[in-house]
Amino acid sequence: MTTHKKLSAKEKYNVMTRGLGWDTTYQPMDKVFPYDKFEGIKIHDWDAWQDPFRLTMDAYWKFQAEKERKLYAVIDAFGQNNGHLGVTDARYINALKFFLTGVTPLEYGAHRGYARLGRHFTGAGARVAAQMQSIDELRHCQTQFHTLSHYNKFFDGLHDPVHMFDRVWYLSVPKSYFEDAMTAGPFEFITAISFSFEYVLTNLLFVPFMSGAAFNRDMATVTFGFSAQSDESRHMTLGIEIIKFMLEQDEANLPIVQRYIDKWFWRGFRLLSLVSAMMDYMLPRKVLSWAEAWEVYFEDAGAALFKDLSRYGLKMPKYHEQATAIKDRLSHEIWTTFYNYTQAAAIHTWIPSESEMAWFSEKYPTTFDKVYRPRYEMWAKMAQEGKRYYNGTLPQLCQVCQVPMVFSEHDDITKIAFRVSEYKGEKYHSCSDGCRDIFEFEPEKYVQSWLPVHQIYQGNCGGASVEDVLKWYHFNLGADNMEYIGSPDERRWNAWNGPKRLLAAE
Amino acid sequence: MAVTASKPGYHGPFLDKVENFHGNQIVYLHWEEHLMFCAALAFPLPPEMPFRDVVEKIIPASYSLHPDFEKIDWSQVRWMLDGKTFVPDLDKSLKDLGIGHKSLIRFWTPGLSGYRGSFS
């Protein structure tokens, strides 16, 4: 009888990860892995890849199962105790609507994107890392659906997120962002998602949502956030590893990697403009302002990161100064846009309360009282006269980020930034120098942007009237859309909380 | 710069060519210094439409909600077409005025800069 020596942890790790790969002999490796060369990234030695996760599958299942047990215990308790009644205000639920329709489908997209990398990278170490992240992303998508399904029983706008993600005008912003990454080569995808998003910008997504949930007593959302957190730290490690690996493999990779970082910083920043509005406006109890978050997580942390990376020759992403220059406007420009088009959105909007406006004046001293407060005063007056303002005409969209062209010039708050490119006799409009550069580098790709406004005018979105289009979006008209004041969400909330308020008053 | 693609010479389809708009072309309009309207607005218009209809029908239907609107002196309005100063002849068509598919028309209304001068 032969006895086998028990493997050390390191040996076991090697056998269970890279040891599962092999060099093919029936077909040349280049034919088996045909998609990681065309971007021009040169890899000479895949074995130099440092595995960021240090996990084998058996250990992975054990950790994840433990996290799931804890999460689902909390979700059950939350449901049984009618946890939704404990949140600060029904307005808060609009942050969850944004999350479920705009972010959760991205988790699923990431699951698909990393599954592709898990097949197509030549190096077995990189494939294993991508496969594990792919499974993480599927888990995040599922836990988010499960957690938020409780809210779907009590609030409008949460009933069909996957369908909405594919059709609704403002959701084309996250959708096109991810599809741009998924249709790029594997190195661009991993730079876009693992580095530019998960490493550089992720705190600007998760801090607003998860701290916002904690501040607004939404324990269910806090719990799925915690459950994802240890996965996210592994994902960040992958993000920094891929950058260092590409830059250490060949000097010629530097300009390509720099261009990917420039592009995906700007695309991520534009995507986060939606989060800025959620953060400043949808949280009844505020965590910190968008401008403060930008200072902490980008101006300070980002500068430190790029200082560290400068030894590889990398520079801060192009146009980062412009992103910083508009930090005192971003959330207001987006919220007022949703206020314009709330009749066509599956969220509610409202005019901020007096105390919120005071908070804005304090947090945005150079912009709020000068520009945005008068706008809200004008709209409040119109609403009092029974003429709540809705913009009845569809807006111009940016060809690249697909956000309505609402962003002001970085050096002039009074003017919208218009950029235009000519390509093969047709005009293409973009919202910024960053988006224009992305278009002009690869117009062959962006001429096919599925711009919701143009698609509606071409007759591809259910019909010619607003009502036809909203039905095609699967909106419940008069419930999912329109002003918060007077909405079914508000009515139900007041009915549930009426007795509590009466008791408090006695 | 050529697109980075696994298939050399890749080119995506043109989704917004003018033929896709059923005889219309897209024209963007933007009333400067009135950011209550958060962006330029997009309109599908026939190229034969006289500019007079833009001023007398299209613009009022979308912009008259603003309290400044009735104060506009149309003889004083400054126009810009695709980045260049522009003096429209009201009786000429969009096509004859050089307003093409996805042209952007910005207009300024002197003396009017939004609600209480706030550019809103």
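The buried residues of helix α1 in chain B pack against strand β1 (25-31) of chain B. Which residues are they? The buried residues of this helix, which covers residues 51-63, are F51(B), V54(B), I59(B) and Y63(B). Keep in mind while looking at that packing that this is a predicted model. For chain B the mean pLDDT is 96, and 99% of its residues reach 70 or more. The model as a whole scores ipTM 0.98 and pTM 0.96.

**Chain B overall**

That helix is the one helix of chain B, alongside five strands. Reading along the sequence, you get β-β-α-β-β-β, with two strands before the helix and three after it. How does the radius of gyration of chain B stand against that of a compact globule? For 120 residues such a globule would come out near 14 Å, but chain B has 17 Å.

**Chain A overall**

Chain A has 22 helices and four strands. Here the globule rule fits: 506 residues in a compact globule would give a radius of gyration near 23 Å, and chain A has 24 Å, so the two agree.

Here are the two chains side by side.

| Chain | Residues buried | Span of the C-alpha trace along the principal axes | Contacts at a separation of 6 or more that join residues 24 or more apart |
|---|---|---|---|
| A | 48% of 506 residues | about 85 × 60 × 45 Å | 78% |
| B | 32% of 120 residues | about 55 × 35 × 25 Å | 65% |

**A helix pair in chain A**

For a closer look at chain A, try helix α5 (residues 104-120) and helix α8 (residues 172-182). How do these two helices of chain A pack? Their angle is about 5°, and their axes are 10 Å apart. An angle under 35 degrees counts as roughly parallel, so α5(A) and α8(A) are roughly parallel to each other.

As for who touches whom, α5(A) brings L106(A), G109(A), R112(A) and G113(A) to the contact. On the other side, α8(A) offers P174(A), F178(A), A181(A) and M182(A). Sorted by class, the contact of α5(A) with α8(A) has five nonpolar, two polar and one charged residues. The charged one is R112(A), and the two polar ones are the glycines G109(A) and G113(A). That leaves L106(A) from α5(A), together with the four listed residues of α8(A), as the nonpolar part of the contact.

Definitions and conventions. Residues numbered from 1 in each chain as written. Chains lettered and ligands numbered in written order. Predicted model: local features only at pLDDT ≥ 70, side-chain atom pairs only at ≥ 80, totals over all residues. pLDDT = per-residue confidence, 0-100. Rg over C-alpha atoms; globule rule 2.2 N^0.38 Å. Buried ≥ 20, exposed ≤ 12 C-beta atoms within 10 Å, placed from the backbone. Contact = placed C-beta atoms within 7 Å. Axes fitted to C-alpha atoms, helices over the stretch in contact; angles between N-to-C directions. Parallel < 35°, antiparallel > 145°, perpendicular 65-115°, else oblique.
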